[in-house]
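Please load the structure in the viewer and keep the selection tool at hand. The tour proceeds from the confidence of the model to its sheet and then to a helix.

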Amino acid sequence: VVGLLNAQSVPPVVINEVVYDPIGSDNSEGGDETTYEWIELKNVSAAPQDISGWELRASTYYPLSALTAPVPVGGFVIIYEGIGDDTNVDFGIGNSASLYMDKTGSQLGNSSGDLALYNSTSNTKDTIVDYFAYGAPSSSTNHTHAVDAGIWTSGDFVDISSASEGCSIEYDGEGDLSSAYFIQQNPTKGLDNALPVALSYFEARYFDNVVILRWITESETNN
C-alpha cells in the first residue's frame, strides 16, 4: 500500500541535518567529536518549542528529556552518538544545545537507514512528526508509522550515491519527499542549511570602469 502524503505543514521542529558516516572510525572512544555521527534538529516555527517530552529514533532511540528549556526560534539541538557531556540544555548561551548518546562504534547505517522524530515517547502514527529514509527503501516500524501518518511515501528514500565520508544529508525546508533532501559536502552544523549550487557558466567583463558579471547556475533553488 502506498501512503498518500497529507497536506499538513512542515512540523515546528524538523530533522534538519544528519552526518551518518563521519570520516574515520565512527564514534571513537577517545572523545574525538570529528568521528561522531550526529543528528541536528531545528525549530523552524515562529515560537519557542518545548520538545523535552519528544523522542528521536534511529538505530537506537533517544528521549529529549535532558532539555530544560524550550528550543528558541531558529534554535538547534545537536544529538551526538558518541561520548560526551550534555551542554547548553537550557539555551542560556546561544541557540544550540548538544546532547550525547554515549555510544561507541557505528550506530547509523553508512549505506542506508532511517530517522524518525516523535512528539511523545509513545511511538505511533499519531505521534510521529518527521521522518526520512536514506540509501534504500526501509521496512522499519518508523517507516510504517510515517507512511500511515501521511508524511512519507512507501518505498521513497534519499539517494546518497554521490556522498562520501564526512558528508551530511540536509533538509531544504519544504515538503515530505526525498527530493526535499540533498547531500552537503561541507556540513553546516548549528547553522542554516546551505543549498548546493552548480555553476555552469561564469563571465567577467570590464567596460567603462565597470566590472560586469554574468553567471548561470544549474542546481540552485529557492532564489
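What pLDDT does the protein average, and what percentage of the residues score at least 70? The model is a predicted one; its average pLDDT is 87, and 87% of the residues reach a score of at least 70. Colour by pLDDT and select residues 1-8, where the value is below 50. In the model, this stretch nevertheless has 17 contacts beyond near neighbours in sequence.

Next, display the strands of the open sheet. Six strands make up this sheet, in the order β6-β5-β2-β1-β9-β10, and their pairing is mixed. Select β6 (96-100) and β10 (181-184) to find the edge strands, each of which pairs on one side only. From one strand to the next, the twist averages 25 degrees.

Within the sheet, select β2 (residues 38-43) together with β5 (residues 76-80). These two strands pair in the antiparallel sense over five bridges. To locate one bridge, pick Lys-42, whose partner in β5 is Phe-76. In general, strands of a sheet pair through backbone hydrogen bonds.

Now move to helix α1, residues 141-149. Which residues of this helix are buried? They are Asn-142, His-143, His-145, Ala-146, Val-147 and Ala-149. An α-helix has 3.6 residues a turn, so residues three or four places apart point the same way. To see what covers the buried residues of α1, add to the selection β3 (55-57), β7 (113-118) and β8 (128-134), which are included in that cover.

Finally, select Gly-150, which follows α1 and has a positive phi, near 80 degrees.

Key. Residues numbered from 1 in each chain as written. Predicted model: local features only at pLDDT ≥ 70, side-chain atom pairs only at ≥ 80, totals over all residues. Heavy atoms only, no water. Buried < 20%, exposed > 50% of the residue type's maximum accessible area, 1.4 Å probe, protein only. Helix = DSSP H or I, 4+ residues; strand = E, 2+ residues; numbered from the N terminus. Contact = heavy atoms within 4.5 Å. Pairing = 2+ DSSP bridges. Axes fitted to C-alpha atoms, helices over the stretch in contact; angles between N-to-C directions. pLDDT = per-residue confidence, 0-100.
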